[in-house]
Amino acid sequence: MKPILEIQHISKKFRIRHEKQPYLSIRDSFSSLFKPSNNSTEDFYALQDISFNVNQGDTIGIVGKNGAGKSTLLKILSKITPPTSGKIICRGRIASLLEVGTGFHPELSGRENIFLNGSILGMKRSEIVKNFDAIVDFAGVERFIDTPLKHYSSGMQLRLAFAVAAFLENEILIIDEVLAVGDSEFQEKCIGKMEDVSKSGRTLLFVSHNMGAVKTLCNKGVLINEGKLVLHDTMNAVAMKYITNSSHRNNEFIIDYHKHRNGIGYATKVSVEDIEGNTIQVISIGQAWQIRVNFTINEQIPHFIIGIGFLTSESIPFRTSWSVPQVILPGNYEAIFKETKIHYGSGKYFIHVGLSSREQTFNYIQDDISIDFDDYVDKSIAPRSNGLILNQMESEIKKL
């Protein structure tokens, strides 16, 4: 059987224009017509020679860091934008959900938009009528189905858009990270629906940074980096490659000496590491990790304490750990905080560092340090945090 999708040597080039012209008066604008232009352009390849096949019934997870070219690839597959070179052979109808509200009209009602969007996706009216009740029920907009879409919240529009794409009977369903807009309950509902789609034999292409969701849904994966295909293999192999590549990036934060310098003492560097002391960028769920803080002390402190605080991406504090108070003499030191038991949910977290005595905090670092957790390893390996964490991390201080 021939593949349902053949992606053959796809490249996409954009021309970037650099304008170096300052604000001009009318006289300057007129005179500039007779002067050589200061503007320049350069070519940027969002995708370079991408080739892989998708078989009917495959569920493909497309992963890579921001700017890798994932969304550009989906837009080409959805025929929103053409490739610069290469071709795609498609043997089935495609339904795509790339951006909230795509294919919808704000002045039309929810009912009218279902038929409009379904028609844009290539569905017959009889097919839309057949699935209409299921679409409305899944979207949860029964009370507002005859209300103009412009009065819907972004969440309501997302639910309706996903329902239309998921319930219409296209052979191929393409979904971008747009699901991240919804709340957790809706995301779980969407994941469940996508599982049903994959089990029905339809083909699914799914872009997400949530390795847990991708690994649950997809049997195969594609890893893209800087517009190039790195790996097309099983989802487990692709996810492991993605995590490994991310972990090789440096995650050492050098503290601005002049910004944070203090006469008593100050931190100089913070490193996020695996348990062997190698710096890592991404921590996978179930992995032991540690934070190393290098600092300088200029005078004797009878009750020295170093503290590490963690905040969510919304700047909500949820954990703080402290070292045991101790006498510390002038010199250079490092403190290591180890975590082997509790693991956080996927996402970005911010780290604050404080150097203090019992009497005062004399050096405080905030908003300079971040750490990323990725939902890759089976969640049963280690307990997950669901709120404020009270237990302390293991800590030790060494003089260098």
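**Exercise 1. Helix H3 and its neighbours**

In which hand of crossing, left-handed or right-handed, does H3 pass H4? Work on the predicted model, and describe the packing of H3 as well.

*Solution.*

Step 1. Find the helix. H3 covers residues 110–120. Its buried residues are Gly110, Asn113, Ile114, Phe115, Asn117 and Gly118.

Step 2. Recall a rule about helices. An α-helix has 3.6 residues a turn, so residues three or four places apart point the same way.

Step 3. Find the packing partners. The buried residues of H3 pack against helix H4 (125–139) and helix H5 (154–167).

Step 4. Take the axes. Those of H3 and H4 come within 10 Å and cross at roughly 130 degrees. That makes H3 oblique to H4. The crossing of H3 past H4 is right-handed.

Step 5. List the contact. From H3 come Arg111, Ile114, Phe115, Gly118 and Ser119. They meet Arg125, Ile128, Val129, Phe132, Ile135 and Val136 in H4. Sorted by kind, the residues of this contact are 7 nonpolar, 2 polar and 2 charged.

Step 6. Look just past the end of H3. There, Gly122 takes a positive phi of about 90 degrees.

**Exercise 2. The open sheet**

In what order do the 6 strands of the open sheet stand, and which strands are at the edges?

*Solution.*

Step 1. Read the order. It is E5-E6-E7-E3-E8-E9, with mixed pairing.

Step 2. Find the edges. Strand E5 (94–97) and strand E9 (228–234) each have a single partner strand, so one side of each lacks a neighbour in the sheet.

Step 3. Add the twist. From one strand to the next it averages 15 degrees.

Step 4. Join E5 to E6. E6 spans residues 172–175, and the two strands pair in the parallel sense over 4 bridges. Ile94 has Ile172 as its bridge partner in E6. Ser96 stands opposite Ile174 in E6.

Step 5. Move on to E7. E6 and E7 run parallel and are joined by 4 bridges. Here the bridge partner of Ile174 is Leu205.

Step 6. Check both faces of E6. Ile172 and Ile174 are buried on one side, and Leu173 and Ile175 are buried on the other. Both faces are covered.

Step 7. Add the helices. Helix H2 (residues 70–77) lies across strand E3 (59–63), E5, E6, strand E7 (203–207) and strand E8 (220–225). H2 runs at about 140 degrees to E3. H5 also packs on the sheet, where it touches E5 and E6. The direction of H5 makes about 160 degrees with that of E5.

**Exercise 3. Buried or exposed?**

Is Ser356 buried or exposed? Is Lys79 buried or exposed?

*Solution.*

Step 1. Place Ser356. This residue lies in strand E18 (residues 347–356).

Step 2. Apply the cut-off. Buried means under 20% relative accessible area. Ser356 has 12% relative accessibility, so it counts as buried.

Step 3. List its contacts. Leaving out residues up to four places away in sequence, Ser356 touches His303, Phe304, Ile305, Thr361 and Phe362.

Step 4. Place Lys79. It lies in the loop between H2 and strand E4 (85–90).

Step 5. Apply the other cut-off. Exposed means over 50%. Lys79 has a relative accessible area of 71%, so it is exposed.

**Exercise 4. Positive phi without glycine**

What is the phi of Lys79, and what is that of His9?

*Solution.*

Step 1. Take Lys79. Its phi is near 65 degrees, a positive value in a residue other than glycine.

Step 2. Take His9. This residue is in strand E1 (residues 5–18). His9 is not a glycine, yet its phi is positive, about 55 degrees.

Key. Residues numbered from 1 in each chain as written. Predicted model: local features only at pLDDT ≥ 70, side-chain atom pairs only at ≥ 80, totals over all residues. Heavy atoms only, no water. Buried < 20%, exposed > 50% of the residue type's maximum accessible area, 1.4 Å probe, protein only. Contact = heavy atoms within 4.5 Å. Axes fitted to C-alpha atoms, helices over the stretch in contact; angles between N-to-C directions. Parallel < 35°, antiparallel > 145°, perpendicular 65-115°, else oblique. Left-handed = near helix turned anticlockwise from the far one by under 90°. Nonpolar A, V, L, I, M, F, W, Y, C, P; charged D, E, K, R; others polar. Pairing = 2+ DSSP bridges.
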